[in-house]
Amino acid sequence: LRELRSGVSSSPASISSSSPSSSSPPSSSSNNATQQRQPGAIIIGVRKGGTRALLEMLNLHPDVEVAKAEVHYFNVEEHYRRGLAWYKTQMPFTLPGQLTVEKTPGYFAAPQVPARVWAMNPAVRLLLIVRDPAERLVSDYTQVLHNRLTRHKPYLPLEELLLNEGRIDPGYKALHRSLYHQHLARWLEVFPMDQIHVVDGDALIKDPFPELRKAERFLNLPPKISPNNFYYNTTKGFYCLLSAGHDKCLDESKGRPHAPLSTQAFKKLCRYFRKPNKLFFEMVGRSFPWC
Ligand SMILES: Nc1ncnc2c1ncn2[C@@H]1O[C@H](COP(=O)(O)OS(=O)(=O)O)[C@@H](OP(=O)(O)O)[C@H]1O
């Protein structure tokens with residue numbers, strides 16, 4: 001733990017990483033000791049929206065510790081059956097008052113997840129990072145293509161999966177994952193909108209700091225992340241992170257060149273998303289400059 005290493009103590013009372021109902025009762029031996037706690041905030045999606053970048057950037061904050069690996073607790077039955085005690089073992093060790101954050105982008109579109117998250121902690125804070133849904137779809141396809149090629153397996157060109165007789169095929173899975181309003185509607189059956197903070201993934205790419213400042217505010221964290229924590233890496237073509245003299249860029253699976261898609265097909269995609277996007281904007285009470 002950075003705070004233990006540096007001997008700095010900061011325990012903002014406003015941060016709770018577990019619900020009163022489900023946390024262990026305080027004991028004299030555990031009060032000041034590090035423990036694995038359930039998350040006080042979860043990045044629920046969207047897949048390819050910039051969830052890793054957001055997690056790593058939040059981790060710059062001294063009061064935040066993040067689960068490095070995706071846990072898939074609420075969306076994978078086998079994991080969920082292992083119970084909350086297992087979930088906590090997947091979390092980092094934290095001091096009381098530190099905020100635990102995990103990210104699993106698969107949570108957003110999985111119908112069973114919102115009620116399960118609520119059952120864990122109805123006060124948990126949710127972060128949803130979104131990105132132009134057409135770009136997201138191409139990024140999603142590119143990732144699957146890359147995984148297939150790595151395993152020496154064939155995969156159809158994007159246009160063949162996306163179009164059926166020249167029209168957008170609504171059955172394409174990656175298309176469905178970009179219908180943000182449908183998935184958010186399920187979360188809003190369970191959580192109020194003010195418990196869900198929407199991060200602009202396109203803005204995070206262009207200039208991360210303002211998005212991080214807004215996220216700090218939402219999480220009731222003192223403003224500790226600064227513009228000096230970021231520098232633009234011209235080789236990578238993305239912002240990288242700077243902390244305590246160390247710099248870190250996200251790995252090569254983040255920010256790789258996208259698979260080709262004709263301008264005509266991309267335009268069809270943009271047209272297809274116009275209505276769903278409008279519905280999403282109404283739900284979140286703001287709009288985004290998407291295609
Ligand atoms: N600073 C920085 N560095 C690198 N990449 C960045 C950064 N900020 C945001 N992004 C964007 O994050 C996209 C990957 O999103 P996710 O991390 O959510 O992907 S995943 O769902 O976990 O696989 C990834 O998508 P692609 O560009 O399509 O690869 C990036 O555009």
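Two strands pair if DSSP finds at least two bridges between them. Keep that in mind for the sheets. This is a predicted model.

Let me start with confidence. The chain has a mean pLDDT of 91. Of its residues, 89% reach 70 or more. The scores for the model are ipTM 1.00 and pTM 0.91.

Now the weak part. Over residues 1-30, pLDDT stays under 50. The model still has 53 contacts for that stretch beyond four places in sequence. Helix α1, residues 2-6, has the lowest mean pLDDT among the elements of the chain, at 32. Where pLDDT is low, the predicted coordinates should not be read in detail. At the other end of the scale is strand β6, residues 125-130, with the highest mean, 99.

What does the record say? UniProt, in an unreviewed entry, places the feature "domain: Sulfotransferase" at residues 41-254. That span is 38% helix and 20% strand. Its end C-alpha atoms lie 23 Å apart.

On to the sheets. Strands of a sheet pair through backbone hydrogen bonds, either parallel or antiparallel. We have an example of each here.

Take the parallel sheet. In what order do its 5 strands run? The order is β3-β5-β2-β6-β9, and the sheet is open. At the edges sit β3, residues 64-66, and β9, residues 196-200, and each of them pairs on one side only. Neighbouring strands are turned against each other by 25° on average, direction ignored. Helix α11, residues 208-218, packs on this sheet. Helix α11 touches β6 and β9, and its direction makes about 175° with that of β9.

Look inside that sheet. Strand β2, residues 41-45, runs parallel to β6, and 4 bridges join the two. One residue to find on screen is Ile43, whose bridge partner in β6 is Leu127.

The antiparallel sheet is open too, with 3 strands in the order β10-β11-β12. Its edge strands are β10, residues 230-233, and β12, residues 246-248, each pairing on one side only. Here the average turn between neighbouring strands is 35°, direction ignored. β10 and β11 are joined by 4 bridges. Within β11, Phe238 is the residue that stands opposite Asn233.

Phe238 leads us to the ligand. Which residues are closest to the ligand? They are Thr51, Arg52, Ala53, Ser139 and Phe238. In total, 18 residues surround the ligand. Four elements give two or more residues to that shell: α2 (51-58), α6 (133-150), α10 (201-206) and β11 (238-243). Helix α2 contributes the largest share, 3 residues. By type, the shell divides into 7 nonpolar, 6 polar and 5 charged residues.

Last, two backbone points to check. Most residues other than glycine have a negative phi, and most peptide bonds are trans. First point: the peptide bond from Gly45 to Val46 is cis, with omega near 0°. Where is Val46? Val46 lies in the loop between β2 and α2. Helix α2 is the one that gives the largest share of the ligand shell. Second point: His152 has a positive phi, near 55°, and is not a glycine. His152 sits in the loop between α6 and α7, the latter being residues 158-162.

To recap. Residues 1-30 stay under 50 in pLDDT. One sheet is parallel, with 5 strands, and one is antiparallel, with 3. The ligand has 18 residues around it. And the cis bond runs from Gly45 to Val46. That's all from me.

Conventions. Residues are numbered from 1 along each chain as its sequence is written. This is a predicted model: local features need pLDDT of at least 70, side-chain atom pairs count only at pLDDT 80 or more; totals for chains, interfaces and linings use all residues. pLDDT is the predictor's confidence in each residue, from 0 to 100. Two residues are in contact if their C-beta atoms, placed from the backbone, lie within 7 Å. A residue is near a molecule or strand if its C-beta atom, placed from the backbone, lies within 6 Å of it. Ala, Val, Leu, Ile, Met, Phe, Trp, Tyr, Cys and Pro count as nonpolar, Asp, Glu, Lys and Arg as charged, and the others, Gly among them, as polar. Axes are lines fitted to C-alpha atoms, for helices over the stretch in contact, and angles run from 0 to 180 degrees between N-to-C directions. UniProt positions are given in the numbering used here, feature names are shortened, and annotations may be inferred rather than shown by experiment.
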